[in-house]
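User: Hi! Please walk me through this fold, starting with any odd backbone spots.

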Amino acid sequence: MIRNLPKGRIQQAAARIWALVQEPSERCYPLIQDEADIARTLYWAREEETGHARSYWSGGAMKGVCCFHAEPARAYAQIIALYAWDDAQAATDAMLNSVDAACPGYTVDIGLTGENQRLESALKERGYRIVDDCINLRCALPLKLDCVNDFELTLLESADEKFEDYAPLHDAWFPKLYWSAECLRQYPGKWVVITAGSNGKTAGALLLVWGPNLAEIYGLHASDEAMSKALITAALTRASRAGKECQEMLFMADAVDETNVHAALSCGFLPIGRYVGWRKQPEERTL
């Protein structure tokens, strides 16, 4: 049976989930830092207008939790927590059914660690397909780097005239990105775009999105490794400035994108695992 997660059971659920994710094969994204971290996610999903927090119950006991973020206007949903500590198959099936019922005709995304084969099998059976296979790269902040480059770097932070000139390139370079140019227009202050070029012509860009104590590189397009390194260095410098309070930068780099991976590693990023992004499109749903 599926129920909205009771507020009084959040701490219990957080403790069970934290114990569960000590095994890499049970993890999904975003990765959990500690028990308090997952408790915050559960509270957020219960209270936020776009959030949903569901729990699976059997025999009078709670055996799993699923949280997701849904945007009806865009027919889009993202599963941000899917964990079952007992009756895993039945719990997972019931919770995924709950997402389908709440989000008919939606595109649904979820990220898993490369080791999570149980959820991988469940998603395949429901028509999910891999859309991202990335190396999880992280860099501690603040970080001081020498900003030496031969490129014209420009900072964009709002949908002004310079941004509108850049917008067509953004959507061409990052066609499947959630943070499309239109999405960026709707969320000023949540992001920074750094462009790079020469002789007045833009040839590359990096999209940085701000999160709680975190800055994430969501998109990176560069003509070569030198430009990639210049953009990453500029992003690290921006995130390290006084008052930003970012503790870490995250970059989910495409596993086959050797140019950007090498550039990130040379800037101080470290690989900590593999991220596999799964997506279910509306036309692939089983009636």
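Analyst: One term first: helices and strands here are DSSP runs numbered from the N terminus, with at least four residues (H or I) for a helix and at least two (E) for a strand. Please also keep in mind that this is a predicted model. With that in place, P30 sits in the loop between β2 (28–29) and α2.

User: Thanks! What is the peptide bond from Y29 to P30 like, cis or trans?

Analyst: The Y29 to P30 bond is cis, and its omega is near 5°. There is also a cis bond from L141 to P142, with omega near 0°.

User: And where does P142 lie?

Analyst: P142 is in the loop between β7 (129–140) and β8.

User: Which residue other than glycine has phi near 50°?

Analyst: That is A75, where phi is positive. A75 belongs to the loop between β4 (61–71) and β5, and its relative accessible area of 26% makes it partly exposed. N199 is another residue that is not a glycine but has a positive phi, of about 55°.

User: Is N199 buried or exposed?

Analyst: N199 counts as exposed, because its relative accessibility is 76% and the cut-off for exposed is over 50%. N199 is found in the loop between β9 (191–198) and β10 (201–211).

User: What does E152 contact, apart from neighbours within four places in sequence?

Analyst: N199 is one of its contacts, and the others are T195, A196, G197, S198 and G200. E152 itself is in strand β8 (residues 152–156) and is partly exposed at 41% relative accessibility. E152 and G197 are 45 residues apart along the chain, with 5.1 Å between their C-alpha atoms.

User: Let's switch to the interior. Which residues touch the most other members of the largest nonpolar core?

Analyst: L42, V65 and I79 do, in a core of 46 residues. Strand β5 (residues 76–84) gives the most to this core, namely 7 residues. A separate core has 29 residues, including V192, L220, A239 and A263.

User: Back to V65. What is V65 in contact with, leaving aside neighbours within four places in sequence?

Analyst: Its partners include L5, A13, I17, L42, A81, L82, W85 and M95. R54, S55 and Y83 are also in contact with V65.

User: L42 came up twice. How do the axes of α1 and α2 cross?

Analyst: The axes of helix α1 (residues 10–20) and helix α2 (residues 35–47) come within 9 Å and cross at roughly 135°, so the two helices are oblique to each other. Their crossing is right-handed. On the α1 side the contact includes A13 and I17, and on the α2 side it includes L42. By type, the residues of this contact are 10 nonpolar, 1 polar and 2 charged.

User: How do the residues of the contact of α7 with α8 divide?

Analyst: They are 3 nonpolar, 5 polar and 2 charged. The axes of α7 (residues 225–239) and α8 (residues 258–266) come within 9 Å and cross at roughly 45°, and this crossing is right-handed. Among the contact residues are E225, S228, K229 and I232 of α7, with N260, H262 and A263 of α8.

User: Last one: which residues make the contact of α3 with α4?

Analyst: A88, T92 and L96 come from α3, while R118, L119, A122 and L123 come from α4. They divide into 5 nonpolar, 1 polar and 1 charged.

Key. Residues are numbered from 1 along each chain as its sequence is written. This is a predicted model: local features need pLDDT of at least 70, side-chain atom pairs count only at pLDDT 80 or more; totals for chains, interfaces and linings use all residues. Side-chain values use heavy atoms; hydrogens and water are left out. Contact means heavy atoms within 4.5 Å. Ala, Val, Leu, Ile, Met, Phe, Trp, Tyr, Cys and Pro count as nonpolar, Asp, Glu, Lys and Arg as charged, and the others, Gly among them, as polar. A nonpolar core is a set of buried Ala, Val, Leu, Ile, Met, Phe, Trp, Tyr and Cys residues joined through side-chain atoms within 4.5 Å. Buried means under 20% relative accessible area, exposed over 50%, partly exposed in between (1.4 Å probe, protein chains only). Axes are lines fitted to C-alpha atoms, for helices over the stretch in contact, and angles run from 0 to 180 degrees between N-to-C directions. A crossing is left-handed if the near helix is turned anticlockwise from the far one by less than a right angle, and right-handed if clockwise. Angles under 35 degrees count as roughly parallel, over 145 as roughly antiparallel, 65 to 115 as roughly perpendicular and the rest as oblique.
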